[in-house]
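Colleague: I would like to go through the labels on this model. Tell me what stands behind each one.

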Amino acid sequence: MISFIAIIGVIACTITGAIGSLFFKLSSEKFSLSYSGILKNRFFFYGSLIYLVSTIIYLSVLSAVELSILYPLVSLQYIWISILSVKYLKEKMNLMKWSGITLIILGATLISVG
Amino acid sequence: MKTKPIAFILVINATLLTSFSQILLKLGVQKFTFSLSMLSNLFLITGIALYGVAAVMIIYALKNGELSVLYPVVSTSYIWVSILALFIFKETITIWKALGVLSIIGGVSLIGLGSREGKK
């Protein structure tokens, strides 16, 4: 039986993961393999923190959710990323990109269920 | 920002690395006997190290491309993990898995194509 809490956990982990990725993208401009590029990079610091939270949630729910449910739910993060990119990064979505995302979610579902 | 081909290449390679490291971590976390516990530590350490390298590669990729275009490429990890599982854990390929892989390849391709729109 898949617990409702575990599903909420997976969705929370995808949302935090998407936010973490957004921060990493914002950190990339000033990022370099140096003291100032990593340790003084605010976006990198907060991005890592958020991503860490996402990973902790993920590992916690991993044992409670079947892969056939997990993979498709996790692939929802591509939707969150697209929305966040449009809102905060001035990126543009179009029909092709949304179709691509749909195919990815479908593919992830097929792989995990098949 | 236009997404450069080098960015795609970096993300695909980084994703391959993370797939390897996921397998390593899976192996490292299993309960080994006392004599093999050193080995499982090596798996864990290498797995984490590979993750770190992959993360750096992805950030460098993001310097040269859009998030909404590059991040979906990470979904190819489903493909790599399926292939690795085939060889290492001897899992079987089903028609559904094959269709799923094709669907993901199609999806990533569409996103790549879609990222070229509007640059007229």
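Colleague: Start with helix α5(B). Which residues of α5(B) are called buried?

Modeller: The buried residues of α5(B) are B:Lys97, B:Gly100, B:Val101, B:Ser103, B:Ile104, B:Gly107, B:Val108, B:Ile111, B:Gly112 and B:Gly114. Buried means under 20% relative accessible area, exposed over 50%, and partly exposed in between (1.4 Å probe, protein chains only). Note that this is a predicted model: local features need pLDDT of at least 70, side-chain atom pairs count only at pLDDT 80 or more, and totals for chains, interfaces and linings use all residues. Residues are numbered from 1 along each chain as its sequence is written, chains are lettered from A and ligands numbered from 1 in the order in which they are written, and side-chain values use heavy atoms, with hydrogens and water left out.

Colleague: What covers the buried residues of α5(B)?

Modeller: The cover includes α6 (95-113) of chain A. From chain B it includes α1 (5-29), α3 (67-70) and α4 (77-88). Contact means heavy atoms within 4.5 Å.

Colleague: What makes α5(B) a helix, and how does its reach compare with the expected 28 Å?

Modeller: Helices are DSSP runs of H or I with at least four residues, and strands are runs of E with at least two, numbered from the N terminus. α5(B) has 20 residues. Its expected span is 1.5 Å times one less than that number of residues. From first C-alpha to last, α5(B) reaches 28 Å, close to the 28 Å expected.

Colleague: Why is B:Leu99 called partly exposed?

Modeller: B:Leu99 sits in α5 of chain B, residues 95-114. Its relative accessibility is 37%, so B:Leu99 counts as partly exposed. B:Leu99 also belongs to a nonpolar surface patch of about 520 Å², with B:Ile95, B:Trp96, B:Leu102 and B:Ile105.

Colleague: What makes that a patch?

Modeller: Patches are made of residues with over 30% relative accessible area and no salt bridge. Like charges are joined within 9 Å, and nonpolar side chains (Val, Leu, Ile, Met, Phe, Trp, Tyr) within 5 Å. Areas come from the Shrake-Rupley method with a 1.4 Å probe; for residues, only the protein chains shown count as cover.

Colleague: Why is B:Ser19 called buried or exposed?

Modeller: The relative accessible area of B:Ser19 is 0%, so B:Ser19 is buried. B:Ser19 is found in helix α1 of chain B. Beyond neighbours within four places in sequence, B:Ser19 contacts B:Ser77, B:Trp80, B:Val81 and B:Leu84.

Colleague: And A:Lys90, buried or exposed?

Modeller: A:Lys90 has a relative accessible area of 72%, so A:Lys90 is exposed. A:Lys90 lies in the loop between α5 (77-89) and α6 of chain A. Its phi is positive, about 60°, although A:Lys90 is not a glycine.

Colleague: How do you know that A:Lys97 and B:Glu66 form a salt bridge?

Modeller: A salt bridge is a side-chain nitrogen of Lys or Arg within 4 Å of a carboxyl oxygen of Asp or Glu. The side chains of A:Lys97 and B:Glu66 meet at 3.6 Å, N to O. A:Lys97 lies in helix α6 of chain A and B:Glu66 in the loop between α2 (37-63) and α3 of chain B, so the pair joins two chains. Both A:Lys97 and B:Glu66 are buried. By this rule the count is 1 salt bridge over all chains.

Colleague: Which residues touch the most other members of the largest nonpolar core?

Modeller: A:Val10, B:Leu67 and B:Tyr78 do, in a core of 40 residues. A nonpolar core is a set of buried Ala, Val, Leu, Ile, Met, Phe, Trp, Tyr and Cys residues joined through side-chain atoms within 4.5 Å.
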